[in-house]
Every structure is written in C-alpha cells, then in structure tokens.
Amino acid sequence: MAKHYLKLNDQRFPISNQVELAKDEKEADFTVVTVATADEIDFNQNFQHYQITDTGTYVKGGESAVTAEEVNRQLAAALDTLAKQSKVIDKATDRIGQQQEMMGALTTQAMDSQTKVDQLSQMVAALTSAGMDEKTTESEAK
C-alpha cells in the first residue's frame with residue numbers, strides 16, 4: 001500500500017499525483033489517498049480517471065461509473081425492446097400487405113363499375129338517338 005498526494009479538480013478527479021512531497025510542500029495542501037498494492041500500477045498510470053470520495057477512497061471512473069453488469073442489463077433490456085418492436089413492425093407489414101390487396105380488389109371493382117357505366121351511357125345514347133330518329137320519322141310522316 002502506498003500513500004498518494006493528489007490535487008483534485010471540482011469533480012474530485014485528480015489533476016496531479018505524487019508519491020512523495022517536496023521539502024517545501026505540506027501534506028495539508030493535498031488530498032491524501034492510500035492505494036492498495038493491487039491497484040498501484042493502474043492508479044499511477046490512470047490516476048486522472050479515479051474519482052476521490054469525501055472519505056478519501058478512490059473509485060475508478062467515478063461514483064457514477066457504469067459497471068459491466070449494468071451494461072449487460074441495459075443491453076438485455078434494449079434487445080428485448082428491439083424484439084418487441086420487430087414483432088410490431090412485422091404485424092404492421094402484414095396489415096399493409098392486406099390493405100394493398102384490398103385496394104387492388106377495390107380498384108378492379110371500380111374499373112369494372114366504370115366500364116359498366118360507360119356501357120350503360122352508350123346504350124342510353126343509342127336508345128335516345130333511336131328514339132329521336134323515330135320521332136323525327138313520325139313528324140315527317142304527318
């Protein structure tokens with residue numbers, strides 16, 4: 001275990017790290033942290049990524065750092081959400097296909113109806129024309 005003398009920023013992350021004080025420096029001017037031997041190498045190289053708590057303990061990545069377990073939980077939740085959304089999209093796609101088929105059938109019916117209307121119009125025009133011809137013939141005969 002080793003003592004480290006740190007200067008901290010406003011978020012309590014170290015901006016300087018010393019293991020010894022110069023003759024003109026006072027311990028009271030520093031935040032003193034004792035680092036476990038197992039963490040010593042990483043702390044010396046990455047001290048700026050360790051947040052120092054009010055009690056003088058160190059937390060890698062800070063107190064709000066995300067753990068692997070949290071990432072895995074969040075990933076599982078995201079994958080579950082995606083699976084549910086995929087099912088909803090599949091159902092919507094099927095419904096769209098059904099609606100397109102119905103629109104095709106309705107378009108065919110509308111075209112058939114228009115053809116019948118055109119035929120009826122032609123028949124009415126022919127009958128009207130024939131009726132006019134008969135009236136004209138009758139008027140001429142008188």
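**Figure 1. Overview of the predicted chain and its burial.** Of the 142 residues that make up the chain, 11% count as buried, and the model from which this value was computed is a predicted one. About 11,300 Å² of the chain is exposed, and 56% of that area is supplied by carbon and sulfur atoms. The chain contains two helices and five strands, and its elements, read from the N terminus, follow the order β-β-β-α-β-β-α. Among the contacts in the chain with a separation of 6 or more, 48% are accounted for by residues 24 or more positions apart.

**Figure 2. Close-up of the open sheet with the strand order β2-β1-β3.** Three strands form this open sheet, and their pairing is antiparallel. Because β2 (14-18) and β3 (31-35) stand at the edges and each has a single partner strand, one side of each is left without a neighbour in the sheet. On average, and with direction ignored, neighbouring strands of this sheet are turned by 35° against each other. Strand β1, which comprises residues 2-8, is joined to β3 by five bridges, the two strands running antiparallel, and within β3 it is Thr31 that stands opposite Leu6.

**Figure 3. Close-up of the hairpin of β1 and β2.** Four bridges join β1 to β2, and these two strands run antiparallel. Leu8 has Pro14 as its bridge partner in β2. Five residues lie between the strands of this hairpin, in which Arg12 takes a positive phi near 70°.

**Figure 4. Close-up of His4 in strand β1.** His4 counts as buried because its relative accessibility is 0%, where the cut-off for a buried residue is under 20%. The side chain of His4 makes a polar contact with the side chain of Glu40, at 2.9 Å. When neighbours within four places in sequence are left aside, the residues in contact with His4 include Asn17, Gln18 and Val19, as well as Thr31, Val32, Val33 and Val35, and also Glu40, Phe43 and Asn44. Of these, Asn17 is 13 residues apart from His4 in sequence, while the two residues are 6.5 Å apart in space, C-alpha to C-alpha.

**Figure 5. Close-up of the largest nonpolar core.** Eight residues in all make up this core, namely Leu6, Val33, Val35, Phe43, Phe47, Tyr50, Ile52 and Tyr58. At least two residues of the core are supplied by each of β3 and β4. Val33, one of the core residues, touches Ala2, Lys3, His4 and Leu6, and likewise Ile52, Gly56 and Tyr58, when residues up to four places away in sequence are not counted.

**Figure 6. Close-up of Thr53 in the loop between β4 and β5.** The loop that holds Thr53 lies between β4 (50-52) and β5 (58-60). Thr53 counts as buried because its relative accessibility is 11%. The side chain of Thr53 makes a polar contact with the side chain of Thr57, at 2.6 Å.

Terms used:
Residues numbered from 1 in each chain as written. Predicted model: local features only at pLDDT ≥ 70, side-chain atom pairs only at ≥ 80, totals over all residues. Heavy atoms only, no water. Buried < 20%, exposed > 50% of the residue type's maximum accessible area, 1.4 Å probe, protein only. Polar contact = N/O pair within 3.5 Å; in protein donor to acceptor, adjacent residues only side chain to side chain. Contact = heavy atoms within 4.5 Å. Areas by Shrake-Rupley, 256 points an atom, 1.4 Å probe, with all protein chains shown as cover. Pairing = 2+ DSSP bridges. Axes fitted to C-alpha atoms, helices over the stretch in contact; angles between N-to-C directions. Core = buried A, V, L, I, M, F, W, Y, C linked by side-chain atoms within 4.5 Å.
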